[in-house]
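Trainee: I would like a close look at one part of this structure, the sheet and what surrounds it. Please take me through it step by step.

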Amino acid sequence: MMSWAASPQRKGKEAANAAMDAALSVNERILRDIAACYAEPGAGETAEPQLDPAALQPGKDKLMAICSKLGLSCIAPRRKINVMIVGNHSAGKSSYINWYCCEHVQTTAVAIETSGFSFCTSGKKRETLRGKATLQLFEHLRHDLKGFFPAIYPGLSTEVSTSKERCFNLVTFIDTPGLVDGSFHYPFPVEDIIVAMARHTDLIYVLFDPIGQALCDRTMNVIERLNEQHATKMRYFLSKADTVPLERDRQKVIVQITQNLSSRIRNKHAFELPSLYIPDKSSTGSESIDNNIERTCDEIESAVHQNVQNNLDKLGEDCQLIDETICSLLKQ
C-alpha cells in the first residue's frame, strides 16, 4: 500500500519555510505574496501583450502572463520603496545610509567618494553589482534612463546588504553623486538623471551640510527642478548639526538656507529644516542639540505602510480588469 507520509526532506523544507515566514514582518509577507501573484520568482520579462486567450493555462499562469495573453499591459507593483538621498558633496548622504542599515555599505570620506549613483538594497548575501547588472535588478528604471545610455553605465552600482535593521528589508536607498560647482566633471548629465530617477521614488531626502557647499548652484538647481513635480515627496534636513555646537550659529545657517530655498521654490506650505546628525559620530557636547534622525525612520516606515496599501489596491484593480476582459471575450 502506497504511503502518503511526507518525506524527511519535504518535512525539513516545510519547517525551514515556516521558520522564514515567522521571521518576516506582516508587511513583508503581504508584499511577498502579492509579488508571487504577478510572476514566479526569477521568471524574467513577460512577453509582449498579444491577444491569445486559447493559450491561457488556468491554475498555472500568474497575473502578468494572464494579462499578456489577454492583450493587456501589466506592470507588477514594487515590493520596496525607493528613498533618494540628494545633497552637496560631504553632506553625509552615505553616512546616513550606513547608519540606517547599521552596516558599512557605502564609502564615506572628505573626498568626493560617491561620483555615481549607488543603490543600496537588502538581499540574501552581501555583493556588489555594477553597470548593466544594476539595471537588470531595477528594470523599472530602464525606460527613463535609456536616453543616457551608454554614458550612465559606469556610474551605476548596487550594494546588496544582508542587514535586517529597521525597515531596510522593504527599502532601496538611491545615493546620488555629491553635487559641487566649479571644474569638477561628471561623465553624465547628473542633474537630468536625478530628475529622471525621482519619478520612481517614494521619498526624497535633501541633506544640507552646514560647513560645506550647501548652497552651491548645482544643488539648488536640482532642488528647484525636483520641487516642480515631486514637492510632496521632498524632505529637507540640516545634516551634521553637531559640527555647529552653538545654537546661535545653527540658527544663522538654517535662516540662510531657508531664505535661499524660498527664493527658488514655491511651496504651498512652509517647509521645515530640522537638524540631524549621526549619533555614533557626534562630537562631545552634542547631546543638547536637537536630533531628528529618528524622524527620518518614521517617514520611511509610513511610506512602507502606504506602499503595502498601494500594492493591495493595484492587485485588486488588475484582477478586476482581467475579470472584465474575460467576461467581454466570452460575450463575443
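Trainee: In which sense do β1 and strand β5 pair, and over how many bridges?

Mentor: Keep in mind that this is a predicted model. β1 and β5, which covers residues 171-175, pair in the parallel sense, and 5 bridges join them. For one point of contact, find I81 and look across to V171 in β5.

Now widen the view to the whole sheet. It is an open sheet of 7 strands, ordered β3-β4-β2-β5-β1-β6-β7, and its pairing is mixed. The edges belong to β3 (127-130) and β7, and each of them has a single partner strand, so one side of each is left without a neighbour in the sheet. On average, neighbouring strands here are turned by 20° against each other, with direction ignored.

Move along to β4, residues 156-161. β4 pairs with β2 in the parallel sense, over 6 bridges. T158 in β4 is the bridge partner of F119. Now turn to β3. β3 and β4 run antiparallel, and 4 bridges join them. There, E127 has V160 in β4 as its bridge partner. So β4 is where you can see what "mixed" looks like: parallel with β2, antiparallel with β3.

How many of the residues of β4 are buried? The count is 6 of 6, so β4 is mostly covered. To see how that plays out, recall a general point: in a regular strand, side chains alternate between the two faces of the sheet. In β4, L156, T158 and V160 are on one side, while S157, E159 and S161 are on the other. Both sets are buried, and both faces of β4 are covered.

E159 deserves a second look. Together with E103 and R126, E159 is linked in a network of salt bridges.

Next, the helices that lie across the sheet. α4 lies across β1, β2 (117-122), β5 and β6. Its direction is about 160° to β5. α10 lies across β1, β5, β6 and β7, and runs at about 165° to β6. Both helices, then, lie across β1 and β5, the pair you asked about.

Stay with α4, residues 93-101, for its aromatic side chains. The structure holds 11 aromatic pairs. Take Y96 and W99: their ring centres are 5.9 Å apart and their planes stand at 35°, so this pair is tilted. Y96 and W99 are 3 residues apart in α4, which separates them by about one helical turn. Both Y96 and W99 are buried. They also belong to a wider group. Ring pairs link Y96 and W99 with Y100, F168, F173, Y205 and F237 into a cluster.

A charge joins this picture. The charged end of R166 sits over the ring of W99, 3.9 Å from the ring centre. That charged end also sits over the ring of Y100, with 5.6 Å to the centre.

Now follow α10, residues 293-331. E299 in α10 forms a salt bridge with R235 in strand β7, where the closest N and O atoms are 3.1 Å apart. E299 and R235 are 64 residues apart in sequence, so their salt bridge ties a helix to a strand across that stretch. R235 is partly exposed, at 22% relative accessibility.

Finish with the ends of the strands. The whole structure has 15 salt bridges. One of them joins the side chains of R78 and D202, at 3.1 Å from N to O. R78 lies in the loop between α3 and β1, and D202 lies in the loop between α7 and β6, so this pair ties together parts 124 residues apart in sequence. R78 is partly exposed, with 25% relative accessible area. D202 is also partly exposed, at 23%.

The loop between α7 and β6 also holds R199, which forms a salt bridge with D144 of helix α6; these two are 55 residues apart. Their closest N and O atoms are 3.0 Å apart. R199 is partly exposed, with a relative accessibility of 45%.

Come back to where you started. β1 pairs with β5 in the parallel sense, in a sheet that has β3 and β7 at its edges.

Methods
Residues are numbered from 1 along each chain as its sequence is written. This is a predicted model: local features need pLDDT of at least 70, side-chain atom pairs count only at pLDDT 80 or more; totals for chains, interfaces and linings use all residues. Side-chain values use heavy atoms; hydrogens and water are left out. A salt bridge is a side-chain nitrogen of Lys or Arg within 4 Å of a carboxyl oxygen of Asp or Glu. Buried means under 20% relative accessible area, exposed over 50%, partly exposed in between (1.4 Å probe, protein chains only). Rings of Phe, Tyr and Trp (its six-membered ring) pair if their centres lie within 6.5 Å; planes under 30 degrees apart count as stacked, over 60 as edge-to-face and the rest as tilted. A charge sits over a ring if NZ of Lys or CZ of Arg is within 6 Å of the ring centre and within 35 degrees of the ring normal. Two strands pair if DSSP finds at least two bridges between them. Axes are lines fitted to C-alpha atoms, for helices over the stretch in contact, and angles run from 0 to 180 degrees between N-to-C directions. Contact means heavy atoms within 4.5 Å.
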